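Notebook open, rings on the agenda today. I want to go through the aromatic contacts and then the charges over rings.

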Amino acid sequence: MGPAEPLFCLYIYGGIYYNCVMTLEKVIVASSNEGKIREIKEIFTGVEIVSLKDLGFNEEIPETGETFKENALIKAGTICKKYGLPALADDSGLCVYALDLAPGIYSARFSGEGSAANRKLLLKRMEGLTDRKAYFECSVCLCFPDGKTIYGQGRTYGRILYEEIGSNGFGYDPLFWSLDLRKSFGVATEEEKNSVSHRARALKDLADKIARL
């Protein structure tokens, strides 16, 4: 077997590379969300990304934390312990100022009926509200079998639209107008979104911390 690939030969769209000294061949991403897996694979190069679906893991990991960071640790720690391999997990959500930062950690299960119903409920809750400011927040956690744990944090700011625009992305993307892109995430390309997304920024933060070890 040859030398391990860099842990993060990390390419953030926009032409910026972040290289780390640590080496790793495989990382399990503790998620079954195809949208998230796709984004992470677009952002990461130089390391094999394995999803829970690839492993046939279909158990529910209870997200009992009170913050994005706590939930990311629960998921990454559970998978790392089960498979004895480094595991990466993220927890992310939409925070709307006028709703006291809801839906927050409950974003994925806001309505209990999936993404389309979540968007519909969000619009209903925001009827009559003129303050549409919001941000997506992401916490990522990388757990190693030796107990080492490293975190990354990221946010991207924007506002909630009055109706869905576009069908790209996933989750609340068609309702989120990005301040960086000056357009809805629902019409943004993957490359555009990954250049400013909360997940890309959290992964960059993680990579920067690893580089300083």
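Before looking at charges, I fixed the criterion: a charge sits over a ring if NZ of Lys or CZ of Arg is within 6 Å of the ring centre and within 35 degrees of the ring normal. Note to self: this is a predicted model.

Entry 1, charges over rings. I checked Lys 82 first, and it lies over the face of Tyr 83, 5.7 Å from the ring centre. Next I looked up Arg 159, whose charged end sits over the ring of Trp 177 at 4.0 Å from the centre.

Entry 2, ring pairs. I ran the search over the whole structure and got six aromatic pairs. One of them is Phe 136 with Phe 176: the ring centres are 4.6 Å apart and the planes make 55°, so I logged the pair as tilted. I then asked where in the chain the two partners sit. Phe 136 belongs to strand 8 (residues 133–143) and Phe 176 to strand 10 (residues 176–178), so this pair links distant parts of the chain, 40 residues apart.

Entry 3, following Phe 176. Its ring also pairs with Phe 185, with centres 5.2 Å apart and planes at 45°, so that pair is tilted too.

Entry 4, burial. Are these Phe residues buried or exposed? Phe 136 and Phe 176 are both buried. For Phe 176 I get a relative accessible area of 0%. Phe 185 comes out at 1%, so I put it down as buried as well.

Entry 5, a cluster. I also found Tyr 97, Tyr 135 and Tyr 157 together in one aromatic cluster.

Key:
Residues are numbered from 1 along each chain as its sequence is written. This is a predicted model: local features need pLDDT of at least 70, side-chain atom pairs count only at pLDDT 80 or more; totals for chains, interfaces and linings use all residues. Side-chain values use heavy atoms; hydrogens and water are left out. Rings of Phe, Tyr and Trp (its six-membered ring) pair if their centres lie within 6.5 Å; planes under 30 degrees apart count as stacked, over 60 as edge-to-face and the rest as tilted. Helices (H or I, at least four residues) and strands (E, at least two) are DSSP runs, numbered from the N terminus. Buried means under 20% relative accessible area, exposed over 50%, partly exposed in between (1.4 Å probe, protein chains only).
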